[in-house]
Amino acid sequence: MTDRTLSRRALLAGTAAAGLPLALPLPVLAAATAPAKANLFVGTGGHGHTYPGATLPFGMVQLSPDTDVERWDACSGYHRDDTSIMGFSHTHLSGTGIGDMLDVLVVPTAGTKTGGKVELLPGPLADPDAGYRQRFTAEQAEPGYYRVALESGVRAELTVTERTGYHRYTFPAGAGHILIDLSHLVLDKSDQPPLITDASLTLDADGTLTGSRTVNRWAKGRHIHFALQTSRTPSRVTLYGDGDAEQPAGARAVRGNRLKAVLHYDEAGGAPILVRCGISGVDVAGARANLAAEGKSWDFDAVRRAAQDRWAEAFAGVRIAGGSADQRVIFASALYHALLAPTLFSDVDGRYIGLDRKPHRLGAGERAYSSYSLWDTYRALHPLLTIVAPDQAQALVHDLIRQTQQSVYGPPVWPLQGVETGTMIGWHAVSVLAEAQAKGIAADYAAAWPAIAKRSFDFTAPDLDNSKGRDVYDAKGYVPADVWFESVSRTQEYAYDDWASAHLARAAGEGAAADRLLKRSGNWRNVIDGKAGFAKPRFANGQWWSPYDPVQLGHMPKPWWRDYTEANGWQATFLNQHDVYGLIDHMGGDARFEARLDALFTAPSTLPANAPPDISGLVGQYAHGNEPNHHVAYLYVYAGAAWKTQAMVRRLCTEMYKNDPDGIIGNDDCGQMSAWFVLSSLGFYPVDPVEAVYVFGSPLFERAELRLPGGKSLTIEAPGNRADTPYIRAVTFNGRPWTKSWISHAELMQGGRLSFTMSAMPNTAFGAAKADRPPSHGRAASA
């Protein structure tokens, strides 16, 4: 049994031997259990696509081990099942379905594998002996810190500041070296156009190594710059150019595309060799300044303690008790993952690269951010931040307004380090902005309106794949399936963005535009066959696709020409978040709508051969592993069957999440899957974030305490809550009976005590009255 196996088993058992994970404090209860600990390896297996390395909340640097760059399940650069480590790079994406980043790979090696030769290529995953890969043991992780033992005898430890990565390498006696591989990236295929260009490495007189590269992976034309220093002067430094051509002895600079540097130590043993590396998206000067501001000390342990303190403060606002030991670990891990992105993208002097590809400088106290997975995160991640990190939510709103103004495409879609990737469909930054405006978060929303209006009404404006078919959508009321791919989902998601944009137009004093958008937000009806009860592809001549099969992804045999976005007809039928009562009426009323939901959750869990791996976590045809369905279990509440929501939410909380590397049923998508769990386990969920209300589900714990702004606090309690009590029998808020099946954000943020009485048997009367159902599309159920 290897040390790795021992460490992994200890981790899954939730013991301290699992790598010193951070404690999540608990209030004192009569039956209080040991504090929960975040397991940073949750999501690093299966299809979770998370990484275990060191970072700070929303930090610029994510310093983490890379084990593979060749397969989809290593989008983050790491997969728990891999047996060798390539090295440690400074930027990573958490939980995404597309890979990028992995900038500035650092590879420490004691001795050499082949008689003094330095390995310059990693070698394949299947053969760690073929390159600079190393097997590893004793892998441990906690928020802000990571360590591992490499087979060459090096013990590697990692920690971070916001913009600087700190490495501590303890070498055995004898020679050793540190390779900096600036050619490392995801899916590096030889049959593709150049993925790295305009690279440079320069060794300064003071020993600082600086460099830059342009990456054309996912975010085409992304620039990254770094400045790196070591605590011990190397015996010599060797630079390598394209083709791994060794530069003459004493060379101080090299330019090209695929560059590397090796820092040689004739005697690497003794005092640990520390590396500190600052990065910037602007220029080398920015990287130098970031390093100078945040890398003033060689005290690795002090930096680590500061990182721990930052995480302790981030966690301090949420306390839980009750549930099982594993559930508390899952909660802590989910909260951790929900605080990783969006990531900081401005330097210490306030400079950053905007979506216009130009440098900008922020005012005092402002920050720029990157890694917005908005198609995913508008649903639960951003709503969660308005509760547990309201200052961060406001900072992100200010940033999204700036990005909306700077981008030729208007509201951001999936911006990554100064590049609009345009990934997924819609322009869901408007949801984040409209939600924030509805919740009273102060910002200059009117400043974003001109760009939102252009995206909404100017059909000659530049398009990315995310916004194709806007013109025909406006003219016909839907995107025809024989004109554009993913037509059904486009129609529905454009309609949701119209709903959000209508609120922003009203706030900007643009009443006529708001009315037009509000009317257009009803276009979802044009792709829902109410008689059949399904979302169906519709052609330009008005006819539906026939014969129709809701399990299929579309009417065309080409895999990329689907009629739904990462969904099929079953899943897309319930995509509507903003006009649920309109959808219920369109389908024939409460009873028929409830029956359609029942059918969704009980249908055979079969998928066609061309289904993407994102459609996962099936309960019937409901897919929890993908975001379009995340609100669907809560829709029963709108039909007066809240008890069915309670049963299904409890089931999803317990079946779709585990305290295990394969513990997230699908890609975590920059924290969205994790945010769903955090909110749902607290007992509520924002079906439509723009409505600024939360629908009750089934709280998982006996007690949660949330720190709110202004010195307030919110206690959510469910005394005696157990695995066999998923149903709400009654609710009180601040001591008064609460018959509604929902609560507004404004009420929740007043603080106090929200108390659930749970039961093993459903109370079918709770929330059944129309007066007690949540508002939708600005109206109550009884209207």
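**Close-up 1. Helix α2 lies across four strands of the predicted model.** The strands under α2 (residues 284-294) are β11 (164-170), β14 (209-215), β15 and β19. The helix runs at about 130° to β19. Strands β15 (residues 222-230) and β19 (residues 273-280) are themselves joined, by six bridges. They run antiparallel. One residue to pick out is T230, whose bridge partner in β19 is V275.

**Close-up 2. Helix α3 lies across five strands, β8, β9, β10, β11 and β19.** Helix α3 covers residues 300-316. The strands span 134-142 for β8, 145-150 for β9 and 155-160 for β10. Relative to β10, the helix runs at about 50°. Strands β11 and β19 also lie across from α2.

**Close-up 3. Ten strands build an open sheet with antiparallel pairing.** The order is β5-β8-β9-β10-β11-β19-β15-β14-β13-β17. The edges are β5 (84-85) and β17 (253-256). Each edge strand has a single partner, so one of its sides is left without a neighbour in the sheet. Within the order, β19 stands between β11 and β15.

**Close-up 4. H177 is a buried residue of strand β12.** The strand covers residues 176-181. H177 has a relative accessibility of 6% and therefore counts as buried, the cut-off being under 20%. Leaving aside residues up to four places away in sequence, H177 touches V107, P108, T109, G111, T112 and V118. Its contacts also include F171, V262, L263 and H264.

**Close-up 5. Helix α9 packs its buried residues against five other helices.** The helix spans residues 449-457. Its buried residues are W449, A451, I452, A453, R455 and S456. The helices they pack against are α7 (390-406), α8 (429-438), α10 (470-476), α11 (487-507) and α12 (511-520). An α-helix has 3.6 residues a turn, so residues three or four places apart point the same way.

**Close-up 6. Helices α9 and α12 pack at an angle of about 45°.** Their axes are 12 Å apart. That angle makes α9 oblique to α12. The crossing is left-handed. On the α9 side, W449, S456 and F457 make the contact. On the α12 side, A513, R516, L517 and R520 do. By class, the contact residues are four nonpolar, one polar and two charged. W449 and S456 also belong to the buried residues of α9.

**Close-up 7. W545 is a buried loop residue.** The loop runs between β28 (534-535) and α13 (569-572). W545 has a relative accessible area of 12% and so is buried, under the 20% cut-off. Not counting residues up to four places away in sequence, W545 touches K536, P537, F539, Q552, G554 and H555. W545 and A481 are 64 residues apart in sequence. In space, their C-alpha atoms are 8.7 Å apart.

**Close-up 8. Three strands form an open antiparallel sheet in the order β31-β32-β37.** Strands β31 (684-685) and β37 (742-744) stand at the edges. Each has a single partner strand, so one side of each is left without a neighbour in the sheet. Strand β32 (residues 693-696) is joined to β37 by three bridges. The two run antiparallel. V695 has W742 of β37 as its bridge partner.

Definitions and conventions:
Residues numbered from 1 in each chain as written. Predicted model: local features only at pLDDT ≥ 70, side-chain atom pairs only at ≥ 80, totals over all residues. Heavy atoms only, no water. Buried < 20%, exposed > 50% of the residue type's maximum accessible area, 1.4 Å probe, protein only. Contact = heavy atoms within 4.5 Å. Pairing = 2+ DSSP bridges. Axes fitted to C-alpha atoms, helices over the stretch in contact; angles between N-to-C directions. Parallel < 35°, antiparallel > 145°, perpendicular 65-115°, else oblique. Left-handed = near helix turned anticlockwise from the far one by under 90°. Nonpolar A, V, L, I, M, F, W, Y, C, P; charged D, E, K, R; others polar.
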